[in-house]
Amino acid sequence: MKVVLTFAIAMLALTGCSALANDEASELKWFKTKEETIDHGIKEEKMKKEDIIGEVSENGETFVIYKKQLEEGLGVGVSSISEQDGKYAWYDPDQDVLVKNNKVKKYFSQINWGTTTQSGKSFTIYIGVSEDQSPIVKTSTSEVSPAIDKKTGIYFYIEPTK
């Protein structure tokens with residue numbers, strides 16, 4: 001009985017400490033400027049400043065789009081910059097997406113997904129790779145010309161969800 005009780009207490013202590021560590025890791029770090037926030041995001045994402053391929057302002061939110069070298073090939077990450085009380089934080093709720101697989105010669109893709117910013121606003125993100133320097137993105141309401149990184153062919157478009 002003592003062994004079971006000791007084990008149960010140890011498990012409760014371990015899971016409690018683990019939950020506290022997760023809460024601390026998920027807390028946002030706030031900075032005085034957007035630039036400091038982006039520098040922090042670069043460190044968090046383990047990337048270089050040159051990996052940032054775009055910044056999009058939409059519906060009062062700022063998104064940073066960056067390329068990442070993933071195990072399978074070229075990936076893209078999208079994070080938002082939260083603003084609250086004159087301070088800024090890096091917010092990254094989504095996983096990076098693979099846009100170019102190392103094992104596939106021609107990899108034309110358009111990926112889209114819904115995301116929610118830290119402030120609770122919803123958006124649809126469209127990402128893809130194109131050899132065409134003027135790709136077209138088909139959204140649920142129209143066709144648009146996205147921004148494109150000419151070096152990588154990665155294009156991106158972000159729109160508020162209605």
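**Figure 1. A salt bridge between Glu45 and Lys68.** Glu45 is buried in this predicted model, with a relative accessible area of 10%, and the side chain of Glu45 meets that of Lys68 in a salt bridge with an N to O distance of 3.3 Å. The pair links distant parts of the chain, since Glu45 sits in the loop between H2 and S2 while Lys68 belongs to strand S3 (residues 61–69), 23 residues apart. Lys68 also counts as buried, at 16% relative accessibility, because the cut-off for a buried residue is a relative accessible area under 20%. Salt bridges that share partners join Glu45, Lys68 and Asp96 into one network. The whole structure holds four salt bridges, and two others are shown in Figures 2 and 3.

**Figure 2. A salt bridge between Asp39 and Lys49.** The closest N and O atoms of Asp39 and Lys49 are 3.3 Å apart, and the two residues form a salt bridge. Asp39 lies in helix H2 (residues 34–44) and Lys49 in the loop between H2 and strand S2 (52–58), so the salt bridge ties together parts that are 10 residues apart in sequence. Asp39 counts as partly exposed, at 35% relative accessibility, whereas Lys49 counts as exposed, at 52%.

**Figure 3. A salt bridge between Lys121 and Glu61.** Here the closest N and O atoms are 3.9 Å apart, and Lys121 forms a salt bridge with Glu61. This pair, too, links distant parts of the chain, with Lys121 in the loop between strand S7 (109–116) and strand S8 (122–129) and Glu61 in strand S3, 60 residues apart. The two partners fall into separate accessibility classes: Lys121 is partly exposed, with a relative accessible area of 30%, and Glu61 counts as buried, at 8% relative accessibility.

**Figure 4. The largest nonpolar core.** In soluble globular proteins, nonpolar side chains tend to be buried together. The largest nonpolar core of this model has 17 residues, of which Ile65, Val76, Val78, Val99, Ile127, Ile154 and Ile158 touch the most other members. The elements that give two or more residues to this core are S2, S3, strand S4 (73–84), strand S6 (97–101), S8 and strand S12 (154–160), and the largest share, four residues, comes from S8. When residues up to four places away in sequence are not counted, the contacts of Ile65 include Ile52, Ile53, Val56, Val76, Val78, Ile127, Phe156 and Ile158, together with Asp51 and Glu55. A second, separate core of eight residues includes Ile38, Val64, Tyr66 and Tyr88.

**Figure 5. Helix H2 and the elements it packs against.** The buried residues of H2 are Thr37, Ile38, His40, Gly41 and Ile42, and they pack against strand S1 (30–31), S2, S3, S4 and strand S5 (87–91). One of these buried residues, Ile38, is also among the members of the second nonpolar core. Just after H2, Lys46 takes a positive phi of about 55°.

**Figure 6. The cavity and its lining.** A search of the whole structure finds one cavity of 30 Å³ or more, and the volume of the largest cavity is about 30 Å³. The residues that line the largest cavity are Phe63, Val78, Ser79, Ser80, Tyr91, Pro93, Asp94, Thr115, Thr116, Thr117 and Ile125. The elements that give two or more residues to this lining are S4 and S7, and S4 gives the most, with three residues. By class, the lining has five nonpolar, five polar and one charged residues. Val78, which is part of the lining, also appears among the residues that touch the most other members of the largest nonpolar core.

**Figure 7. Strand S8 and the loop before it.** Val129 is found in strand S8 and is buried, with a relative accessible area of 7%. Val129 and Gly153 are 24 residues apart in sequence, and their C-alpha atoms are 5.2 Å apart in space. Ser119 lies in the loop between S7 and S8 and is partly exposed, with a relative accessible area of 48%. The C-alpha atoms of Ser119 and Ile81 are 10.0 Å apart in space, and the two residues are 38 residues apart in sequence.

Methods:
Residues numbered from 1 in each chain as written. Predicted model: local features only at pLDDT ≥ 70, side-chain atom pairs only at ≥ 80, totals over all residues. Heavy atoms only, no water. Buried < 20%, exposed > 50% of the residue type's maximum accessible area, 1.4 Å probe, protein only. Core = buried A, V, L, I, M, F, W, Y, C linked by side-chain atoms within 4.5 Å. Contact = heavy atoms within 4.5 Å. 1 Å grid on protein atoms, 1.4 Å probe; cavity = no way out; pocket = protein on both sides within 12 Å on 5 of 7 lines; lining within 4 Å. Points joined across faces, edges and corners; volume = space filled by probe spheres on them. Nonpolar A, V, L, I, M, F, W, Y, C, P; charged D, E, K, R; others polar.
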